Amino acid sequence: MSARTAQHAGVRYSINIPNFGDFADPRTVARVAEAAERAGWDGLFVWDHVVHVRSDRKSFGDPWMLLTAAALATSRIRLGTLVTPVPRRRPQQLARQVATLDVLSGGRVIFAAGLGGPVDDEYGAFGEPTDKAVLAERLDEGLGLLERYWSGEPVTHHGRHYRVEDVALLPATAQRPRPPVWIAGFWPNRRPMRRAARWDGAVPLFGPGSHGRAPSVEDVRDLAAYVRRHREGDGPFEIVVGGASPADARDLVGPLADAGATWWDERRMIGTEENERLEPVLRRIEQGPPAL
């Protein structure tokens with residue numbers, strides 16, 4: 001094993017797909033998941049949108065049903081959303097969906113959360129609040145409730161946005177005390193990354209339109225240092241970055257791992273045919289994770 005390979009042995013690799021286009025079909029997502037596991041990838045993440053850009057009039061699959069199909073087709077890879085907008089979900093229903101998938105998959109769920117967007121399309125079109133300060137409040141309160149629900153213990157909560165009276169949601173998650181929680185946000189916005197530091201991982205984007213483009217080493221290094229300064233606790237913490245890579249991507253992924261990244265999330269460019277169609281995604285999956 002080379003020095004570089006040994007140094008980055010802990011880096012994990014995931015496939016990222018939308019929940020629309022070809023991937024609105026659970027059978028297609030099951031095929032993707034099976035291929036990813038067979039080729040040596042470590043995770044599969046799907047988007048969590050209801051309409052995304054509503055004027056596009058695309059077909060969407062429910063992410064938790066898509067991931068259920070993926071769980072039934074696999075036995076090893078981690079599964080989750082990138083990311084679920086907690087403020088547009090009822091926490092009790094979301095807690096039930098995540099716990100069900102975690103039990104079904106044998107404890108393979110990673111839960112990633114954020115505000116989501118576009119806000120006017122995904123919230124405003126349904127009469128939901130669009131004030132980002134309010135959505136951030138609902139995100140933080142909702143995350144706290146999810147953690148308590150996943151324990152299986154009775155919950156009573158009188159908050160600004162949610163009320164619960166002596167409810168225990170069973171079964172609890174298979175992972176104890178809960179699945180890992182990753183938080184998304186745009187860097188260099190500080191508030192989402194301070195939120196991430198309270199949980200188990202950060203899923204940063206580095207500016208509008210950056211999905212599918214690898215970040216700079218300097219940005220990843222700055223973000224990692226910022227999170228370390230605000231980290232609460234000493235447990236494992238993941239930093240998830242991504243983009244479109246060739247199979248031999250040591251010059252791309254290696255320096256990002258040196259800067260603090262722990263996951264490489266393989267993503268096609270947003271808004272392109274390659275992002276929404278099965279065949280180009282399968283071709284990249286079958287090449288295997290980036291070689292370091």
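**Figure 1. The cis peptide bond at Val83, and a second one at Pro188.** Val83 sits in the loop that runs between β3 (78–81) and β4 (84–85). In this predicted model, the peptide bond joining Leu82 and Val83 is cis, with omega at about -5 degrees. A further close-up takes us to Trp187 and Pro188, which are also joined by a cis peptide bond, here with omega of about 20 degrees. Pro188 belongs to the loop between β8 (181–186) and α7 (190–197). These bonds deserve a second look, because most peptide bonds are trans.

**Figure 2. The largest pocket and its lining.** Val83 turns up again here: together with Gly116, Gly117, Phe186 and Leu205, Val83 is among the lining residues that lie nearest the centre of the largest pocket. The volume of this pocket is about 970 Å³, and 35 residues line it. Which elements each supply at least two residues of the lining? They are α6 (132–150), β8, α7 and β9 (201–205). The largest share, 4 residues, comes from α6. Sorted by class, the lining holds 17 nonpolar, 12 polar and 6 charged residues.

**Figure 3. Glu122 and its surroundings.** Glu122 is part of helix α5, which spans residues 119–122. Is Glu122 buried or exposed? With a relative accessible area of 2%, Glu122 is buried, because buried means under 20%. The side chain of Glu122 makes a polar contact with the side chain of His49 at 3.1 Å. A polar atom of the Glu122 side chain also lies 2.6 Å from the backbone nitrogen of His52. Setting aside neighbours within four places in sequence, the residues in contact with Glu122 are Asp48, His49, Val50, Val51, His52, Arg88 and Gly117.

**Figure 4. Positive phi at His52 and Arg57.** His52, introduced above through its backbone nitrogen and the side chain of Glu122, lies in the loop between β2 (43–46) and α3 (63–72). Its phi is near 55 degrees, a positive value in a residue other than glycine. Arg57 is found in the loop between β2 and α3, and has a positive phi of about 55 degrees although it is not a glycine. Most residues other than glycine have a negative phi. How do the two residues fare for accessibility? His52 is buried, with a relative accessible area of 16%, whereas Arg57 is exposed at 69%.

**Figure 5. Aromatic pairs that bring distant parts together.** The whole structure contains 8 aromatic pairs. One of them is the tilted pair of Phe20 and Phe60, 5.0 Å centre to centre with 55 degrees between the planes. Phe20 lies in the loop between β1 (12–17) and α2 (26–39) and Phe60 in the loop between β2 and α3, so this pair ties together parts 40 residues apart in sequence. Phe20 is buried at 2% relative accessible area, while Phe60 counts as partly exposed at 22%. Another tilted pair is that of Phe45 and Trp182, 5.6 Å centre to centre and 55 degrees between the planes. This pair links strand β2, home of Phe45, with strand β8, home of Trp182, across 137 residues. Phe45 is buried at 0% relative accessibility, and Trp182 is buried at 1%. Ring pairs also link Phe20, Trp47 and Phe60 into a cluster.

**Figure 6. The second largest pocket.** Trp182 appears once more, as one of the residues lining this pocket, which also include Arg12, Arg78, Asp200, Arg231, Glu238 and Trp263. The volume is about 170 Å³. By class, the lining has 5 nonpolar, 1 polar and 5 charged residues.

Conventions
Residues numbered from 1 in each chain as written. Predicted model: local features only at pLDDT ≥ 70, side-chain atom pairs only at ≥ 80, totals over all residues. Heavy atoms only, no water. Buried < 20%, exposed > 50% of the residue type's maximum accessible area, 1.4 Å probe, protein only. Polar contact = N/O pair within 3.5 Å; in protein donor to acceptor, adjacent residues only side chain to side chain. Contact = heavy atoms within 4.5 Å. 1 Å grid on protein atoms, 1.4 Å probe; cavity = no way out; pocket = protein on both sides within 12 Å on 5 of 7 lines; lining within 4 Å. Points joined across faces, edges and corners; volume = space filled by probe spheres on them. Nonpolar A, V, L, I, M, F, W, Y, C, P; charged D, E, K, R; others polar. Phe/Tyr/Trp six-rings, centres within 6.5 Å; stacked < 30°, edge-to-face > 60°.
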